[in-house]
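Biologist: I am new to reading structures. Could you walk me through this one, feature by feature?

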Amino acid sequence: MNTALQMAQRYDYEGNQATLDYELQFLPSSKNEWLRRISLLVDELRTLEPLSGALHASVAGQDYYCIDGVMVKVAHENDALGGEWSDAGYYVITPEETGELDMSTVRQELAENGVGTVTADPPTGVERLLQDGGEAVSFDYTTPRDLPEGLQYEEDQLDGPAAPPEARLWFGMDVEPFTGQPKILDLLDLGMQFAHQVNDQYGIALPGAATTVGMNDKVGTAEVNPLHLFADVLEAGSSNPFNSLWHPYTISLATASE
């Protein structure tokens, strides 16, 4: 019988025994469990309101999430993460400070304070938070993670409002094995039929290769709900797991009987 490492290496796993041992604490243990978790994620993606610039925000009593924020929400509610939601520390600039709420000034202040990116016009995401007095949150680990030597899972090194690596792993998705950074997803892996489906349904070309963070903001600027699109991506990607969405070990589990 092949070991877990051999199973992952069959699909070009780039880590080693230590990285895989850590990842296996979060990865699904069977194909059925993987599909169950994906179903939970898809249901939430189809229900929640989209956001750019932060994992999760509340504006006037309404909750908003980016793609990665939904991942964290579902994984956290299933006790898969040892951290907690916390204030993202967005710098709020008010009309009283500037004389008027000039968004170019807001963008500059955000950049100088190192807190998120502001995109979209008319205002959405963080711009909307600033204007409406909303609150944005990130997800922090409040207890030390027992990482093997060589792993560098530092949340402040993630690319924008990205889910912690453990949340992504919980859904069987891939991460850079030594840093936990999100992997680039190439949606063309899902085939031309899926590309045509996206064009017919949303009126856009299939987004190019990007992380989920990049996909969220790129699609959101086209006035397409990125959460709904990613739900479609997950369904298409899990029906034929040979694509860049999944961790090599997940692909091995999902295709073991094929």
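Modeller: Gladly. Keep in mind that this is a predicted model. Start with the surface. The protein exposes about 12,200 Å². Carbon and sulfur atoms supply 46% of that area.

Biologist: What percentage of the 258 residues count as buried?

Modeller: A residue is buried when its relative accessible area is under 20%. Here 50% of the 258 residues meet that mark.

Biologist: How many helices and strands does the protein have?

Modeller: There are 12 helices and 5 strands. Now look at contacts between residues at least 6 apart in sequence. Of these, 67% join residues at least 24 apart.

Biologist: How do I describe two packed helices?

Modeller: Use the angle between their axes and the distance between the axes. Take helix α4 (residues 67-77) and helix α10 (residues 212-220). Their angle is about 125°, and their axes lie 8 Å apart. Angles of 65 to 115 degrees count as roughly perpendicular, and those over 145 as roughly antiparallel. About 125° fits neither range, so α4 and α10 are oblique to each other.

Biologist: Which residues make the contact?

Modeller: Helix α4 brings Ile 67, Asp 68 and Met 71. Helix α10 brings Thr 212, Val 213, Met 215 and Asn 216. By class, that gives 4 nonpolar, 2 polar and 1 charged residues.

Biologist: Now a single residue. Is Asp 146 buried or exposed?

Modeller: Exposed means a relative accessible area over 50%. Asp 146 has 70%, so Asp 146 is exposed. Asp 146 lies in the loop between β5 (135-140) and α8 (165-170).

Biologist: What separates the C-alpha atoms of Asp 146 and Tyr 22?

Modeller: Along the chain, these residues are 124 residues apart. In space, their C-alpha atoms are separated by 8.6 Å.

Definitions and conventions
Residues are numbered from 1 along each chain as its sequence is written. This is a predicted model: local features need pLDDT of at least 70, side-chain atom pairs count only at pLDDT 80 or more; totals for chains, interfaces and linings use all residues. Side-chain values use heavy atoms; hydrogens and water are left out. Axes are lines fitted to C-alpha atoms, for helices over the stretch in contact, and angles run from 0 to 180 degrees between N-to-C directions. Helices (H or I, at least four residues) and strands (E, at least two) are DSSP runs, numbered from the N terminus. Angles under 35 degrees count as roughly parallel, over 145 as roughly antiparallel, 65 to 115 as roughly perpendicular and the rest as oblique. Contact means heavy atoms within 4.5 Å. Ala, Val, Leu, Ile, Met, Phe, Trp, Tyr, Cys and Pro count as nonpolar, Asp, Glu, Lys and Arg as charged, and the others, Gly among them, as polar. Buried means under 20% relative accessible area, exposed over 50%, partly exposed in between (1.4 Å probe, protein chains only). Accessible areas come from the Shrake-Rupley method with a 1.4 Å probe; for residues, only the protein chains shown count as cover.
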